[in-house]
Amino acid sequence: MQNPYLPYPVRIDAIVTETEDKNLKTFKFVFLDPEDEKRFAYRSGQFAELSVAGKGEIPIGIASSPTEKGFIMFTVNKVGLVSSHLHAMKVGDVMGVRGPLGNWYPWEQLEGKNVVIIGGGFAFTTLRSSIVYMLDPANRKKFGEIHVIYGARTPGMLLYREELAAWEKRDDIHMHITVDGTNDPDWKYNVGFVPTITDKKAPAADDNTYAIICGPPIMIKFTQPVLDQRGYRHDNIIMSLENRMKCGIGMCGRCNVGKDFVCKDGPVFTLAQLNTMPKEY
Amino acid sequence: MKMIKLNQTAWEQGIEKLKAAYGLFAPVKTGAAHEFKPLGPGQAANLNFQNTRLSAKGLIYPQTQVMFHYSLNPDQADHHRLHEAPMADGPKAVIGIRPCDADAFLLVRRNFDTPQYKDPYWIKAYEATTLVGLACTAPCATCFCTTAGSGPFSETGLDVLLVPETDGYTAKLISPKGEALATAAGWDKAPAGDASPIAEREAAAKAQITSAVATDQLKAKATLDLYDAPFWDDVAFACINCGTCTYLCPTCWCFDIQDETSGKAGVRLRNWDSCMYPLFSLHGSGHNPRGLKVQRVRQRFMHKLKYYVDKYDDGIQCVGCGRCVQHCPVNIDIRKVCNLMNAHGPAPEACKIG
């Protein structure tokens, strides 16, 4: 019987400090046993438990894309015991990764469709995975128009800035980067909150257009009415939830929203599904 | 199904023999209550009880359980790697478990043994255990097993059912595990027992259970209607979030995982946890989706009486043992809450005219 609580051993291969407040770091991991990389076959939207012996585990969305081979990548906000310890770890240190866990964005259903990605703050990780996945030469033709609305408080708080700049230059993806405010006279993108930019830039709703939203509760709260107003059906609005987790496999009981576990039945739900569920997230 | 008659001498001799073949657990009187304890040589089970204070849950699913060992010593080649702790150390038998508590394992199994993931700690311990149940001939006033999917003589969770007689027991060997236990006890040569008086005694025991829950409408109710029902503030008002109900409950399975290090070595372990505690669902950001007492109390009842019902379509996540009713310090009663939920909202015929 395979033990679902046993992490795969990994080595930290690279650490990048992402944001000006230094609270967000991206970790690249390499599996100690190359066979484990095959066992860890994942889809964009899934998460994993990062495991540090002596500290515990944290559930973190997978920021790398399944099209990127040889490593997996996670961006971690420094919040509690495990994430603070992780931020103090060094390249070469050994730890564990358990997963992949949860469901993913409905990639089969999204084929042939226009995709509008709406993200805010550091909840851009599985969205980064999704963009890299869709832009992969083998996949790009499977999708229609791709729009990305991504906002942070300041330019220095945006994740993956080099990639954002590279995507800005492409003609097969419409980038709408925004910040709440900036003093930078050279800032050449949008200024304004995500809901405002969504109202201005999101394409008109139709049955072939899906929105994927990830962000802080306040952003979601004010973005949803904008999408409603623009005519997006609740079946076409896809969201990813977070809750406190331990097991990640639907057993320990704490992350439920109604009868569904965010860890196992989610984290991805459509707004139509969420409308029938208690707001316990 | 084999029925055998065990007089007191055969019973006592058999129990002694079983101690060699099984890790044997049975109720022993400790203070005012009966608790399951390992039986050492010469130690006898005390089956003169209505029910044990704690269920047998902890024998399969210990309150604290080591899952992994690790070393943090950089001089060791495998430092910071987790190593699985040993599981299920040989066959176990639980003597004198009540049928409701044995049925509870079948409910809990749905959580730990799923098509997608298997919890090896729980499954191996459960599979290594033989459950020898003791029929309830004198149920408690708080028992409502007969309307909670179990019963005083319920056999569904058991390997052997014991029915007390004036001299010893009539034993029903329900499963191959039960027959193997009877053989190990030397009971395979015991005289055949008589089934007909048992049916009468079962009927008499059931007749004594007068407290009941109504559950027939729960599935049809909309989740959000029950969630937003007006009675939750009232139900939760007196609750002190002590968690006694969840610890005593044979069907509560929630747990926490923690690392504990001593020097340069440590263990990853799991502990029973409780939805009654605010930490259970507290986010790292400080946000808590169940930060209020009423939300936590509602979660416990909604889980047992609605979410579970919807998820498995096989009754409620409760076997009617009545422990939470007996031991709640502020007298919150799951029977009352269940009936409130079942009766909530307009009756189906309320809109009919004429």
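**Exercise 1.** Work out which residues B:Leu162 touches beyond its sequence neighbours, and where B:Leu162 stands in the largest nonpolar core.

*Solution.* Start with the contact rule: two residues touch if their C-beta atoms, placed from the backbone, lie within 7 Å. Leave out residues up to four places away in sequence, and B:Leu162 touches B:Val132, B:Gly133, B:Leu134, B:Ala135, B:Tyr169 and B:Ala171. Next, the core: a nonpolar core is a set of buried Ala, Val, Leu, Ile, Met, Phe, Trp, Tyr and Cys residues joined through C-beta atoms within 7 Å. Buried here asks for 20 or more other C-beta atoms within 10 Å of a residue's own, again placed from the backbone. The largest such core has 180 residues, and B:Leu162 is among those that touch the most other members, along with A:Ala211, A:Ile212, B:Val94 and B:Val160.

Some housekeeping: this is a predicted model, with local features needing pLDDT of at least 70, side-chain atom pairs counting only at pLDDT 80 or more, and totals for chains, interfaces and linings using all residues. Residues are numbered from 1 along each chain as its sequence is written, while chains are lettered from A and ligands numbered from 1 in the order in which they are written.

**Exercise 2.** Describe how the two domains of chain B meet.

*Solution.* First get the bounds, which come from an automatic or database domain assignment: domain 1 covers 2-60 + 88-208 and domain 2 covers 223-343 of chain B. Their C-alpha centres sit 27 Å apart. Now count the contact: 21 residues come from domain 1 of chain B and 16 from domain 2 of chain B. On the domain 1 side, helix α3 (residues 99-112) of chain B gives the largest share, eight residues. Helices are DSSP runs (H or I, at least four residues), numbered from the N terminus.

**Exercise 3.** Examine helix α10 of chain B: what is its span, where does it kink, and why is it called largely enclosed?

*Solution.* Take the span first. α10(B), residues 293-312, has 20 residues and reaches 27 Å from first C-alpha to last, close to the 28 Å expected at 1.5 Å a residue; the expected span is 1.5 Å times one less than the number of residues. Then the kink: about 50 degrees, centred on B:His303, with the bend taken between axes fitted to the seven residues ending there and the seven starting there. As for surroundings, 15 of the 20 residues of α10(B) are buried, so the helix is largely enclosed by the rest of the structure. Finally, just after α10(B), B:Asp313 takes a positive phi of about 50 degrees.

Notes
Helix = DSSP H or I, 4+ residues; strand = E, 2+ residues; numbered from the N terminus. Buried ≥ 20, exposed ≤ 12 C-beta atoms within 10 Å, placed from the backbone.
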